[in-house]
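These are my notebook entries from a session spent looking through one model. I kept each entry to what I looked up and what I found.

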Amino acid sequence: MNSNKNSSRRRLEGKNSKPLSRKPSNKRTSKKDSSKSSQSSQTNSSTGIRLNKYIANSGVCSRREADTYIEHGSVKVNGKLVTEMGYKVQPDDVVQFDGTSITPEQKRYILLNKPKNYITTMDDDRGRKTVMDLVSNASKERIYPVGRLDRNTTGLLLFTNDGDLAKKLTHPKHNVRKLYHASLDRKLDLKDLEKLRGEVIIEGRKVFIDAVSYVDGQPKTEIGIEIHSGRNRIVRKIFEHVGYKVNKLDRVIFAELTKKNLPRGRWRALTNQEVSNLQMMK
């Protein structure tokens with residue numbers, strides 16, 4: 001279309017003695033302003049936080065669910081409906097979900113020394129005690145357990161509303177350290193201990209055991225075992241693999257966090273340094 005306009009202009013200039021008047025200064029200003037506007041738009045799109053993450057951080061729902069709500073017109077930013085995936089929310093923006101203003105929650109990180117007979121779930125339709133009962137007053141924000149410990153396993157369990165960190169700590173590629181103290185039904189023979197060094201096959205899948213040894217100063221029924229697998233009941237299955245039953249199982253280290261000064265059944269907030277250490281894990 002521009003090419004046609006230029007051709008028409010050249011034909012008109014050829015017929016008239018005077019060329020058509022132009023206003024270069026206005027055009028130059030307009031182009032400059034357009035450039036500034038473009039740069040401003042690029043800055044807005046490269047800063048801020050994605051709308052679905054903003055909604056998830058506000059405790060409304062997950063990121064995936066937020067995408068659906070955005071698509072179906074449940075979200076407004078500064079009074080305007082937003083259905084664009086990937087929209088970036090700026091610090092001064094007002095976000096409304098179904099007519100109610102929302103703001104991202106403050107991130108919380110709670111460490112529990114889990115006692116026996118509590119299940120790791122948000123709630124239980126059979127009325128059993130859950131770990132959420134133990135941390136009910138730990139945070140006004142809604143927090144979730146990172147990974148799980150089975151009902152009879154005790155020890156360290158982390159809770160947070162930081163979905164990115166939770167995903168990082170549970171993904172196998174990050175090799176998060178987990179150290180357990182297992183009490184067996186009988187003494188572990190040295191030959192069986194040697195069988196547990198390195199890789200073992202459990203239910204047709206490889207499990208790598210980072211370290212295993214007798215606990216210093218304790219009977220040969222007391223074993224320390226370090227793994228990074230997050231499979232359900234995996235430590236118990238490892239010892240069953242060589243013919244032993246685990247009577248007690250306690251997680252004493254999780255992602256370099258320890259039970260120091262944390263009695264059974266009690267919780268504490270992580271320090272800023274502990275949070276930084278977790279976030280810096282590769």
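**Pocket**

I began with the lining of the largest pocket, to which helix H3 (51-57), H4, strand S8 (144-145) and helix H6 (163-170) each supply at least two residues. I noted that the model is a predicted one, and then looked up which of these elements gives the largest share, which turned out to be H6 with four residues. The lining has 22 residues in total, and those nearest the pocket centre are Ala56, Ser62, Arg63, Asn161 and Gly163. For the space inside this largest pocket I wrote down about 540 Å³.

**Nonpolar cores**

Next I asked which residues have the most contacts inside the largest nonpolar core. That core has 35 residues, and the answer is Phe159, Ile225, Ile238 and Phe239. I followed Phe159 further and, setting aside its neighbours within four places in sequence, found it in contact with residues including Arg108, Tyr109, Ile110, Leu112, Val131 and Met132; Val135, Ile143, Tyr144 and Pro145 are also among its contacts. I then recorded a second, separate core of 16 residues, which includes Tyr109, Val146, Leu257 and Leu278. As a general remark, nonpolar side chains in soluble globular proteins tend to be buried together.

**Aromatic rings**

My search for aromatic pairs gave a count of one. The ring centres of Tyr69 and Phe97 are 5.0 Å apart and their planes stand at 85°, so I entered the pair as edge-to-face, given that planes over 60 degrees apart count as such. Because Tyr69 lies in helix H4 (residues 63-71) and Phe97 in strand S5 (residues 95-97), the pair ties together parts that are 28 residues apart in sequence. I also checked whether each partner is buried or exposed: Tyr69 is partly exposed, with a relative accessible area of 35%, whereas Phe97 counts as buried at 11% relative accessibility.

I then looked for charged side chains over rings, and found Arg186 over the face of Tyr244, at 3.9 Å from the ring centre, and Lys220 over the face of Tyr214, at 4.9 Å from the ring centre.

**Backbone**

Last, I looked at positive phi values outside glycine. Asp98, which is not a glycine, has a positive phi of about 50° and lies in the loop between S5 and strand S6 (100-102); at 55% relative accessibility Asp98 counts as exposed. Glu203, likewise not a glycine, has a positive phi of about 50°, and its place is in the loop between strand S11 (198-202) and strand S12 (205-214). With 58% relative accessibility, Glu203 counts as exposed.

Technical notes
Residues are numbered from 1 along each chain as its sequence is written. This is a predicted model: local features need pLDDT of at least 70, side-chain atom pairs count only at pLDDT 80 or more; totals for chains, interfaces and linings use all residues. Side-chain values use heavy atoms; hydrogens and water are left out. A nonpolar core is a set of buried Ala, Val, Leu, Ile, Met, Phe, Trp, Tyr and Cys residues joined through side-chain atoms within 4.5 Å. Buried means under 20% relative accessible area, exposed over 50%, partly exposed in between (1.4 Å probe, protein chains only). Contact means heavy atoms within 4.5 Å. Rings of Phe, Tyr and Trp (its six-membered ring) pair if their centres lie within 6.5 Å; planes under 30 degrees apart count as stacked, over 60 as edge-to-face and the rest as tilted. A charge sits over a ring if NZ of Lys or CZ of Arg is within 6 Å of the ring centre and within 35 degrees of the ring normal. On a 1 Å grid over the protein atoms alone, a cavity is a set of points where a 1.4 Å probe fits but cannot get out, and a pocket is an open set with protein on both sides within 12 Å along at least five of seven lines; lining residues have an atom within 4 Å of a point. Grid points are joined across faces, edges and corners, and a volume is the space filled by probe spheres set on the points.
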